[in-house]
Amino acid sequence: MGVEQLKIAVISVLLVFFASTTKAQPAAGGAQPAAGAQPAAGGAQPAAGGAQPAAGGAQPAAGGAQPAAGAAVLDVVAKFGAKADEQTDLNPALMNAWKEACASPTPTTIVIPKGTFLLSKAELTGPCKARVEIQLQGTVKAPGDPAAFKTPDWIVFSNVVGLTLNGGGVIDGQGPLAWGKNTCAKDKFCAALPVNLRFNFVSDAIIQDITTKDSKQFHVNILGCKNIKFIKFIVSAPGDSANTDGIHIGRSDGVSILDTTIKTGDDCISLGDGSKNVTVIGVTCGPGHGISVGSLGKWKNEEPVNGVFVRNCTISGTSNGVRIKSWPAAEAGTASDMHFEDITMDNVGNPILVDQEYCPWNQCNLKAPSNVKLSKISFKNIRGTSSTVEVVKLVCSKSLPCEEVDLADIDLAFKGPGAPGVSQCSHVKPKLAGKMNPPACTAEGTKIAAN
């Protein structure tokens, strides 16, 4: 193993280990790495609207599932002898195809045809000389027994510039055997389970028309990446599958998640520190725990979160809607320029939530405030139904009150028995516009911040 590969392996182990310490229950989405476990996130801040894809820009060229014109085609069955018998390991054939494709000076397409293939593991590492496309037309299955994995990795792409993964196929992590053994909700020293798909330091990538199913842990983990797009991506797992975040982003710049369906047992999408210029459009989320920024402030030297745009999404039957969370009595950090717009909620708990007293399993001191500064946040045109009385809850740090928070056109009805839904605000004075149902910041316990 080379120095670079060793570094990636160490980072991956640290990332999953520390992710488990922030998740005291399956709802916790704070997969934060230890200080220094990830490279510094670069990239300029977006101009106004710059994080939004240009018209048609999120779409690949017409016929994107077809090999690029002039690209060499490597079929893992026809050329490398792979067998779709669910017994023969696909690894040797896939790794030989990757080695040839990565060394080619011209674009190359690797085809995994229809059928079901057993895949023990795949570490697909660059740099490559030209763009590589993998057309997954069939299904790849992981070993069902978690003991088959010595590290929390299954399929890993590392240090690749120019990657396409498409084809309509399925990546099946065979998670049910592992979910019963997952103790990460309460045990910070739990065994690290494999993630279905890892993207480490990958740039200029398109992942389209792929399904990830029943991962043993997170479905997708994105670390140190730039300009990576998920289009018509599907995440599929039961609502009771523990610690199975759909897509987790950490220290990456320019991640877009478009026209995607996520059904899982944890956060549909979670953003760790250093997430910049993240665009989420047309996502359907549920079951799961909603779309989350954080948890933040758990570790030293966390990098800022800046530029999060979530719009035109539908969230159904989840335990949370859109939320931002940070730990009290912990480390300093910042998160700004976060916008949630045009979102439909259907029987969602805590549809709008800012929680700077995030303290699962009483792992912290609630008497000390959060040291994460939140600013430039908007919630606009959010409508539907809530499964909890607390429909809007903005609980900010008493030492660092939230600034520049906008609420506009909120229409969320509590459908349970008893009193109507309420809106609570602490250490924040949001700017209000349009309809406010429930009336903003009127709940008991509200503590409006001074101007």
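The protein chain in front of us has three helices and 31 strands, and I should say straight away that we are looking at a predicted model, so please hear everything that follows as a description of that model. Of the 451 residues of the chain, 56% count as buried. If we take the contacts in the chain with a separation of 6 or more, 76% of them are between residues that lie 24 or more positions apart.

Let me turn to one strand, β5, which covers residues 132-136. How many of the residues of β5 are buried? Five of its five residues are, and the strand is therefore described as mostly covered, with buried meaning under 20% relative accessible area. As background, in a regular strand the side chains alternate between the two faces of the sheet. In β5 itself, V132, I134 and L136 point one way, while E133 and Q135 point the other way, and all of these residues are buried.

Which strands pair with β5? Strand β2, residues 108-112, runs parallel to β5 and is joined to it by five bridges, and strand β8, residues 161-166, also pairs with β5 in the parallel sense, over four bridges. If you would like to follow this on the structure, you can start from E133, because it appears in both pairings: E133 in β5 is the bridge partner of T109, and T164 in β8 is the bridge partner of E133.

The strand also takes us to a cavity. The structure holds three cavities of 30 Å³ or more, and the largest of them has a volume of about 100 Å³. There are 13 residues that line this largest cavity, and the closest to its centre are I112, I134, L136, I155 and L165. Strand β5 and strand β7, which spans 153-158, each supply at least two residues of that lining. You will recognise I134 and L136 from a moment ago, as they are among the residues of β5 that point one way together with V132.

Next, the cysteines, where the structure holds four disulfides, and I will walk through some of them. One disulfide is formed by C102 and C128, whose sulfur atoms are 2.0 Å apart. This pair links distant parts of the chain, with C102 in helix α2 and C128 in the loop between β4 (122-125) and β5, 26 residues apart. Both C102 and C128 are buried, and their link is left-handed, with -100 degrees about the S-S bond.

Another disulfide joins C425 to C441, again with a sulfur-to-sulfur distance of 2.0 Å. Here the link is left-handed with -65 degrees about the S-S bond. The pair links distant parts of the chain, since C425 is in strand β30 (residues 422-426) and C441 is in the segment after β31 (431-437), 16 residues apart. Both of these cysteines, C425 and C441, are buried.

C396 and C402 are also joined by a disulfide, S to S 2.0 Å, and this link is left-handed too, with -105 degrees about the S-S bond. C396 is buried, and C402 is buried as well.

Why is C313 not bonded to the cysteine whose sulfur is closest? The closest cysteine sulfur belongs to C285 and lies 8.5 Å from the sulfur of C313, which is too far for a bond, because a disulfide needs the two sulfur atoms within 2.5 Å. C313 counts as buried because its relative accessibility is 1%, and C225 is buried too, with a relative accessible area of 1%.

Finally, let us go back to helix α2, residues 91-103, and look at E100, which is found there. Is E100 buried, partly exposed or exposed? Its relative accessibility is 36%, so E100 counts as partly exposed, the range between the 20% and 50% limits. Leaving out residues up to four places away in sequence, E100 touches L74, K79 and F80. With one of these, K79, there is a polar contact from side chain to side chain, at 2.7 Å. The C-alpha atom of E100 is also separated by 9.7 Å from that of I110, which is 10 residues away along the chain.

Conventions
Residues numbered from 1 in each chain as written. Predicted model: local features only at pLDDT ≥ 70, side-chain atom pairs only at ≥ 80, totals over all residues. Heavy atoms only, no water. Buried < 20%, exposed > 50% of the residue type's maximum accessible area, 1.4 Å probe, protein only. Contact = heavy atoms within 4.5 Å. Polar contact = N/O pair within 3.5 Å; in protein donor to acceptor, adjacent residues only side chain to side chain. Pairing = 2+ DSSP bridges. 1 Å grid on protein atoms, 1.4 Å probe; cavity = no way out; pocket = protein on both sides within 12 Å on 5 of 7 lines; lining within 4 Å. Points joined across faces, edges and corners; volume = space filled by probe spheres on them.
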